[in-house]
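Please keep the viewer open while you read, and make each selection as it is named.

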Amino acid sequence: MNTNTSQEMPVRLSELLSRRFERIVVLSGAGMSADSGIPTFRSGSNGLWHEFNPSDLATPEAWEDDKALVWGWYEWRRGLVMAARPNPGHVAIGELQRLHGTSVITQNVDDLHERGGATGVLHLHGSLFAARCDTCGAPHVLGDPPSEIQRQVMPPRCPYCDGYIRPGVVWFGEDLDPEVLDNARERIAACDLLLIVGTSSVVYPAAGLSGYAPNGATIIEINPQPGPSLTDYQWQTTAAIGLPLLLDALNHDQGGEK
Ligand code: BJW
Ligand code: ZN
């Protein structure tokens, strides 16, 4: 792997960033949180669920087959996220938003962008912290995740209709929230700089969003193993290394320090 771990920005990328940008959008995926110790979807450790493929667990079929297995997995992941801290990449994006009004769109179900200082984050695939009743849709406030990791945990029941409480995430075959998706498309369609960070770009409709960027917008990908997106520059580095450097470059070139 040709990962650039040096603390320098490639010259070609500095040149691309020397333009003035008015509407910056970040589109992130699981690699954004890898530097915070959160496993990615397609190559991370799956803990006690190691014999399962995350793409099989994140389905309505898995939920129908074995609710305790699926709920236990999500509770484990919620605990991991709660114990994790935003990495320098999340913090750089928070700062980019403060200085340049950047929009943040994420496929991640964690809250590390928010804890890194970003607001108004569009969560395309929902949130680990927004459980709801599977039957009546009532929102459900979660308590602390189990202190001991258990593979099977029965989900709580809804106080209104006795239905099962399900994770507030979007599984394969389910529709994304149309308002969130429309909003994401609109922001990308109006951007002049799109930063695609830490996604394998294989899951739709998220993977198709970069196609909404207007002609003339600059598209930069930050990923140690860049995916199939059409970009102006693929920077083979990690989110925690690349984003703070990118923030610096934009601030120097645009006098963004306020
Ligand atoms: C680093 C790093 C570091 C490592 N720094 N980087 C059109 C064509 C084909 C199929 C479809 C289509 N339209 C719809 C579909 C079906 C399906 C789909 O896309 N399937 C494909 C897999 C083929 N899509 C859907 O079902 C969607 N629903 C939908 O479209 O409804 C209408 C419809 C239904 C059916 C048919 C047609 C239409 C819903 C998709 C929901 C995805 N949900 C999940 C689970 C969420 C909850 C949870 O987290 O458990 O979302 S799946 C999973 O993948 C999760 C992620 O958000 C998503 C994307 O993964 P991501 O973020 O890219 O992670 P990885 O692990 O794949 O990649 C990590 C990357 O980071 C790698 O590139 C590393 O190199 C990099 N990295 N370290 C920076 N330090
Ligand atoms: Zn209910």
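**The ligand and its shell**

Begin by colouring domain 1 (1–38 + 85–127 + 176–258) and domain 2 (42–83 + 132–166) separately, and then select the shell around ligand 1, which draws at least three residues from each of these two domains. Bear in mind throughout that this is a predicted model, and that every distance and area quoted on the tour is computed from it.

With ligand 1 centred, display the 34 residues that surround it, of which the closest are Tyr74, Arg77, Gly173, Thr199 and Ser200. If you colour this shell by class, you should find 17 nonpolar, 12 polar and five charged residues.

Next, show the N and O atoms and look at three pairs in turn. An oxygen atom of ligand 1 lies 2.6 Å from an N or O atom in the side chain of Tyr74, and an oxygen atom of the ligand is also found 3.4 Å from an N or O atom in the side chain of Asp175. At Gly31 the partner belongs to the backbone, where a polar atom sits 3.3 Å from a nitrogen atom of ligand 1. Now switch to a surface view: of the 1,500 Å² of accessible area that ligand 1 has on its own, the protein covers 75%.

**The nonpolar cores**

Hide the ligand and select Leu17 and Leu195, which have the most contacts inside the largest nonpolar core, a set of 30 residues. Two or more residues of this core come from each of helix H1 (11–16), strand E1 (24–28), helix H5 (88–100), strand E6 (193–197), strand E7 (218–222), strand E8 (233–235) and helix H8 (239–254). Which of these elements gives the most to the core? Select H8, whose contribution is eight residues. Apart from this core lies another, made up of 25 residues, and selecting Leu69, Ala84, Leu112 and Ala131, which are among them, will take you there. In soluble globular proteins, nonpolar side chains tend to be buried together.

**Two single residues**

Move now to the loop between E6 and E7, and select Ser201 there. Ser201 has a relative accessible area of 10%, so it counts as buried, the cut-off being under 20%. Add Ser229 to the selection, and you can follow the polar contact of 3.2 Å between the side chains of Ser201 and Ser229.

Finish at Gly126, in strand E4 (residues 126–133). Is Gly126 buried or exposed? Its relative accessible area is 15%, and Gly126 is therefore buried. As a last selection add Thr106, which is 20 residues from Gly126 in sequence and 9.3 Å from it in space, C-alpha to C-alpha.

Conventions
Residues are numbered from 1 along each chain as its sequence is written. Chains are lettered from A and ligands numbered from 1 in the order in which they are written. This is a predicted model: local features need pLDDT of at least 70, side-chain atom pairs count only at pLDDT 80 or more; totals for chains, interfaces and linings use all residues. Side-chain values use heavy atoms; hydrogens and water are left out. A nonpolar core is a set of buried Ala, Val, Leu, Ile, Met, Phe, Trp, Tyr and Cys residues joined through side-chain atoms within 4.5 Å. Buried means under 20% relative accessible area, exposed over 50%, partly exposed in between (1.4 Å probe, protein chains only). Helices (H or I, at least four residues) and strands (E, at least two) are DSSP runs, numbered from the N terminus. A residue is near a molecule or strand if one of its heavy atoms lies within 4 Å of it. A polar contact is a pair of N or O atoms within 3.5 Å; within protein, one must be able to donate a hydrogen and the other to accept it, and residues adjacent in sequence count only if both atoms are side-chain atoms. Accessible areas come from the Shrake-Rupley method with a 1.4 Å probe; for residues, only the protein chains shown count as cover. Ala, Val, Leu, Ile, Met, Phe, Trp, Tyr, Cys and Pro count as nonpolar, Asp, Glu, Lys and Arg as charged, and the others, Gly among them, as polar. Domain bounds come from an automatic or database domain assignment.
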